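Reader: Could you walk me through the metal site in this one? I'd like a close look at what holds the metal and what sits around it.

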Amino acid sequence: MTHALLVIDVQNDFCPGGALAVAGGDDIVQGINTAMNDHSAVILTQDWHPAGHSSFASSHNAEPMSMTEMPYGPQVLWPDHCIQGSKGAAFHPDLNTDRADLIIRKGYNPAIDSYSAFFENDHKTPTGLEGYLRTRGIDTLTLVGLATDFCVNYSAVDAAKLGFTVKVETNLCRAIDFDGSLAAANSAMTDAGVTLA
Ligand code: VGL
Ligand code: ZN
């Protein structure tokens, strides 16, 4: 039991028709369900923001996809998305959530966004996932999901920095690709020692 599949944010709001839709976000769902069969542990993450979250453009009277400066650094301001308990925050209806050993929610702190499954965007506040994986003896992770250039990227880089062996299955991911973000993410992941498959 050492190799886990980490499924990042396969939620309605990141799929076509959702509030922060990623092109082709729903195309990867069946492939992810199949990949679950090849892993002894399956962990899902769920972006889970309170209404009025500080990462929302609407909280700053700003345009979606504009930038702001937070105490922890630059932050993209997103359309309202993945509000706790909403249909948009629910997993895609075809995702096999029954196979999940753990669902880890993130982004619930009103003042800090959390792209990574391991740390909030201050790069300090832990989600608890590291301890869970270590206490289960998991040392190898395959990441899939949405979006390649934000939550998958941040999760993969943090996992590699923490010493896990990390692979991103890019054909089971889709990107927002905003302002060069996908190219930057691919470099960041490669530099951190992540294998892009
Ligand atoms: C994500 C932007 C805002 C993601 C989450 O899942 O990649 N991106 N919140
Ligand atoms: Zn979010």
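Author: Here's the metal site, followed by the salt bridges beside it and then two of the helices.

A bit of housekeeping: this is a predicted model, where local features need pLDDT of at least 70, side-chain atom pairs count only at pLDDT 80 or more, and totals for chains, interfaces and linings use all residues. Residues are numbered from 1 along each chain as its sequence is written, chains are lettered from A and ligands numbered from 1 in the order in which they are written, and side-chain values use heavy atoms, with hydrogens and water left out.

Now the metal. The zinc ion (ligand 2) is coordinated by Asp 47 through OD, and by His 49 and His 81 through NE2, at 2.0 to 2.2 Å. Donors here are N, O and S atoms within 2.8 Å of the metal (3.2 Å for Na, K and Ca), and since water is not among the atoms, sites may look incomplete. The 4 donor atoms around this zinc ion subtend angles of 89 to 168°, which makes the arrangement irregular. For the label, four donors count as tetrahedral if all angles lie between 85 and 135 degrees; four count as square planar and six as octahedral if opposite donors are over 155 degrees apart and all others between 65 and 115; anything else is irregular.

Along the chain, the donors of this zinc ion are spaced as D-x1-H-x31-H. Asp 47 lies in strand β2 (residues 41–47) and His 81 in the loop between β4 (73–76) and β5 (102–106), so the pair ties together parts 34 residues apart in sequence. Helices (H or I, at least four residues) and strands (E, at least two) are DSSP runs, numbered from the N terminus. Asp 47 is buried at a relative accessible area of 2%, and His 81 is buried at 3%. Buried means under 20% relative accessible area, exposed over 50%, and partly exposed in between (1.4 Å probe, protein chains only).

Asp 47 has a second job to show you: it forms a salt bridge with Lys 106, the closest N and O atoms being 3.0 Å apart. That pair links distant parts of the chain, with Asp 47 in strand β2 and Lys 106 in strand β5, 59 residues apart. A salt bridge is a side-chain nitrogen of Lys or Arg within 4 Å of a carboxyl oxygen of Asp or Glu. Lys 106 also forms one with Asp 9, at 2.9 Å between the closest N and O atoms. Asp 9 sits in the loop between β1 (3–8) and α1 (29–36), so this pair ties together parts 97 residues apart in sequence. Both Lys 106 and Asp 9 are buried, with Lys 106 at 1% relative accessibility. Put together, Asp 9, Asp 47 and Lys 106 are linked in a network of salt bridges. The whole structure has 5 salt bridges, including Glu 169 with Lys 167 at 3.6 Å; Lys 167 is partly exposed, at 31%.

Next, α1. Its buried residues are Val 29, Ile 32, Asn 33, Ala 35 and Met 36. Seen down the axis, they fall within an arc of 160°, so they line one face of the helix; the arc is that of the directions from the helix axis to the C-beta atoms. What covers them includes β1, β2, β6 (140–146) and β7.

Lastly, α4 (residues 181–191) has Ser 181, Ala 185 and Met 189 as its buried residues.

Key. Contact = heavy atoms within 4.5 Å.
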